[in-house]
Amino acid sequence: MSNVFAIITEQILRKCGGEPICTHVGDVQICAIKKHPTYQTFRRQVHLNRKKLTASLRLWESVVTLAREGDEQEREKWLMIVLDLLTPYLEGWSKDLARKWHYEISDIRSAMIEGLLEAWSSTADGATSKKLRDTMMTRAFARARSLVDAGSSETCTDSVEFWISEGTHVGDSTLRASSIIDTGAVRDPDADERIRGERIGSLLQRMGAMDQANRLHGEIRDGCRNEAHAPTITPAQVGRSWVDGRNLYYRFSDLLPQYISFKEAANIVGFSESQASRRAGKGSLPFRVLWIGNSRVVSVKSLMHILGIQDSILHPDDVENGASHIVG
């Protein structure tokens with residue numbers, strides 16, 4: 001099984017060897033700066049994740065400039081370096097796609113490289129290097145997902161009703177490419193986040209609560225959320241954040257009110273209000289009671305914890321897919 005990412009790295013190492021590499025003017029001999037790293041050292045210095053690392057972005061900008069403005073032979077070398085600097089961030093995501101969707105990893109990686117090259121060719125020379133980086137990564141993920149989407153024999157959407165309570169399903173509805181369902185992966189202990197989100201979306205739709213969900217999704221997409229409140233995403237979810245341009249994930253509890261009344265909380269755990277009041281006086285209630293003015297309330301998040309309800313991390317696309325799958 002060929003690894004196109006490794007092939008690119010091997011080609012660059014053959015071109016650059018163990019000699020110092022100049023990212024200032026491209027030629028060590030004529031460069032006024034005397035200190036130059038080897039390619040392996042240079043590659044380790046460039047961190048192109050979404051964190052704002054000024055030094056790394058400057059190195060990236062130098063490589064992009066040389067790839068755009070050097071002579072023909074040099075442009076080819078520096079474009080290969082551009083690809084090689086991006087592939088470490090695609091490595092884990094390609095493995096994740098291959099595992100979840102039972103797709104040939106070499107094909108996924110090839111599609112990602114095609115996406116990187118398409119973005120390079122179609123992005124205007126005037127685009128900033130940071131914008132170019134984000135566009136290339138976005139296109140790489142999109143091409144990989146399109147590849148998996150096209151391989152319908154490897155995926156299945158007909159069995160989604162098995163994962164939705166009461167089995168409500170409309171067979172003709174269309175899901176986004178990001179929502180391909182693989183039944184083999186769903187049965188994995190690490191449940192597929194897309195299935196979980198779609199299941200919640202379908203339940204919200206049947207309960208008539210999708211309007212509230214859509215309002216929250218709009219606020220998140222418009223950047224109205226305090227990002228400090230955004231959930232921490234897993235390495236497998238990083239790729240989606242590259243595609244979206246930012247972290248759009250949220251927690252299920254964000255769809256719910258922060259507090260509910262004492263009476264409602266008591267009924268949920270099977271007590272009458274008077275029984276719950278007596279227990280509160282003895283300190284034997286399973287949940288903590290808060291006072292807001294003259295009213296007793298209970299934190300919804302704490303109640304979810306007591307009841308063993310998972311506060312799932314959701315993506316707006318998945319929740320909306322599940323809702324539209326029910327509506328048709």
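In this predicted model, Ser312 is buried, with a relative accessible area of 6%, a value that falls under the 20% limit used for that term. The residue is placed in the loop between helix 14 (300-307) and strand 5 (313-314). When neighbours within four places in sequence are left aside, Ser312 is in contact with Arg196, Ile200, Tyr250, Arg251 and Phe252. Another serine, Ser202, is found in helix 9 (residues 193-207) and is also buried, with a relative accessible area of 0%. Ser202 and Asp318 stand 116 residues apart in sequence, yet their C-alpha atoms are 9.9 Å apart in space. Asp317 lies in helix 15 (residues 316-327) and, with a relative accessibility of 16%, counts as buried, because the term covers values under 20%. The side chain of Asp317 is joined to that of Arg221 by a polar contact of 2.9 Å.

These residues belong to a protein chain that has 15 helices and five strands. Of the 328 residues in the chain, 42% are buried. Among the contacts in the chain with a separation of 6 or more, 68% are accounted for by residues 24 or more positions apart.

Part of the buried portion of the chain is organised in nonpolar cores. In soluble globular proteins, nonpolar side chains tend to be buried together. The largest nonpolar core of the model has 43 residues, of which Ile81, Leu85, Met112 and Met136 touch the most other members. The elements that give two or more residues to this core are helix 1 (4-16), helix 2, helix 3 (54-69), helix 4 (72-86), helix 5 (88-101), helix 6 (105-122) and helix 7 (129-150). Helix 4 gives the most to this core, with eight residues. The surroundings of Met136 can be described in detail: if residues up to four places away in sequence are not counted, Met136 touches Val82, Leu83, Leu86, Leu116, Ala119 and Trp120. Apart from the largest core lies another core, of 25 residues, which includes Leu204, Leu255, Ala265 and Ala276. Trp120, one of the residues touched by Met136, also has a charged neighbour, since Arg68 lies over the face of its ring at 5.9 Å from the ring centre.

The structure holds three aromatic pairs, two of which are described here. In one of them, the rings of Tyr39 and Phe42 have their centres 6.1 Å apart and their planes at 45°, so the pair is classed as tilted. Both residues lie in helix 2 (residues 39-45), three residues apart, which is about one turn of the helix. Tyr39 is buried, with a relative accessible area of 0%, and Phe42, at 1% relative accessibility, likewise counts as buried. Phe262 and Phe287 form an aromatic pair that is edge-to-face, with 6.3 Å from centre to centre and 70° between the planes. Phe262 lies in helix 12 (residues 262-268), whereas Phe287 lies in the loop between helix 13 (273-282) and strand 3 (290-292), so this pair ties together parts that are 25 residues apart in sequence. Both rings belong to buried residues, with a relative accessibility of 2% for Phe262 and 5% for Phe287. Phe262 is further approached by a charge, as Arg296 lies over the face of its ring, at 3.8 Å from the ring centre.

The strands remain to be described. Strand 2 (residues 259-261) and strand 4 (residues 295-299) run antiparallel and are joined by three bridges, and in this pairing Ser261 has Val297 as its bridge partner in strand 4. Strand 3 is likewise joined to strand 4 by three bridges, and these two strands also run antiparallel; here the bridge partner of Ile292 in strand 4 is Ser295. Strand 3 and strand 4 form a hairpin with two residues between them, and Gly293, in the turn, has a positive phi of about 65°. Strand 4 is thus a partner of both strand 2 and strand 3.

Terms used
Residues are numbered from 1 along each chain as its sequence is written. This is a predicted model: local features need pLDDT of at least 70, side-chain atom pairs count only at pLDDT 80 or more; totals for chains, interfaces and linings use all residues. Side-chain values use heavy atoms; hydrogens and water are left out. Rings of Phe, Tyr and Trp (its six-membered ring) pair if their centres lie within 6.5 Å; planes under 30 degrees apart count as stacked, over 60 as edge-to-face and the rest as tilted. Helices (H or I, at least four residues) and strands (E, at least two) are DSSP runs, numbered from the N terminus. Buried means under 20% relative accessible area, exposed over 50%, partly exposed in between (1.4 Å probe, protein chains only). A charge sits over a ring if NZ of Lys or CZ of Arg is within 6 Å of the ring centre and within 35 degrees of the ring normal. A nonpolar core is a set of buried Ala, Val, Leu, Ile, Met, Phe, Trp, Tyr and Cys residues joined through side-chain atoms within 4.5 Å. Contact means heavy atoms within 4.5 Å. Two strands pair if DSSP finds at least two bridges between them. A polar contact is a pair of N or O atoms within 3.5 Å; within protein, one must be able to donate a hydrogen and the other to accept it, and residues adjacent in sequence count only if both atoms are side-chain atoms.
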